[in-house]
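Student: I should like a close look at a single strand of this chain and at its surroundings. Please give one connected account.

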Amino acid sequence: MTTTSTTTPATPPPTPATPTTPTDELLLPVPDEDGAPFWEYAAQGELRVQACAAPTCGKLRFPPRPCCPHCRSFDSEWRLMSGRGRIWSYVQPHPPLLPAYAVQAPYNVILVELADAPQIRLVGNLVTSADAPLDSMDPARLRIGARVQVVFSETGGTAVPRWVLEKS
């Protein structure tokens, strides 16, 4: 008895897609039930923060969550913020771990303390304009305490808050 074996040619591994623009492969938020309103307001160009709606509390909270950590109420509302803040801290990631970020290196990641709510800090990027690439701001201009204003950039179908230096 003779056996013959046939082999099928190996399928080559898929070639990674090359981003057509620097933002094609950036990480995007994955909204959950509690945070979805934040992103819905961002799509309207509004920076809003969740607040306790209990009459005796009213404290702001971020990140969003179902229960107030202060009074344990499940009542909440979304308060409009001015969008102004100051750079509380910043980093320049070295090296970027994902290819889409490496294309834009060096870039910054800033932590912004909100003017309306200093206990709340949001992570983002300091850019020269809403749709500018992440590397658009000269790293020498980064300063802790610099005043910034939120802008929204359409990235992968999601309005993402970014920050620009506030005009004096």
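Tutor: Ala-51 of strand S1 stands opposite Leu-60 in strand S2. The model is predicted, with local features requiring pLDDT of at least 70 and side-chain atom pairs counting only at pLDDT 80 or more, while totals for chains, interfaces and linings use all residues. Residues are numbered from 1 along each chain as its sequence is written, and side-chain values use heavy atoms, leaving out hydrogens and water.

S1 covers residues 48-52 and S2 covers residues 60-61; strands (E, at least two residues) and helices (H or I, at least four) are DSSP runs, numbered from the N terminus. S1 and S2 are antiparallel and share two bridges, pairing being assigned if DSSP finds at least two bridges between two strands. Towards strand S3 (residues 76-80), S1 forms five bridges, again in the antiparallel sense. In that pairing Cys-52 stands opposite Ser-76. The result is an open sheet of three strands in the order S2-S1-S3. S2 and S3 are at its edges with a single partner strand each, so one side of each has no neighbour in the sheet.

In a regular strand the side chains alternate between the two faces of the sheet. In S1, Arg-48, Gln-50 and Cys-52 point one way, and Val-49 and Ala-51 point the other way. Five of the five residues of S1 are buried, so the strand is largely enclosed by the rest of the structure; buried means under 20% relative accessible area, with exposed over 50% and partly exposed in between (1.4 Å probe, protein chains only). Of the 168 residues of the chain, 35% count as buried.

S1 also takes part in the largest nonpolar core, supplying at least two residues, as do helix H1 (36-43) and strands S5 (109-114), S7 (147-155) and S8 (158-165). Such a core is a set of buried Ala, Val, Leu, Ile, Met, Phe, Trp, Tyr and Cys residues joined through side-chain atoms within 4.5 Å. This one has 24 residues, of which Leu-47, Leu-114, Leu-126 and Trp-163 touch the most other members. Leaving aside residues up to four places away in sequence, Leu-47 touches, among others, Phe-38, Arg-79, Leu-80, Leu-114, Val-150 and Trp-163, a contact being heavy atoms within 4.5 Å. In the chain, residues 24 or more positions apart account for 54% of the contacts with a separation of 6 or more.
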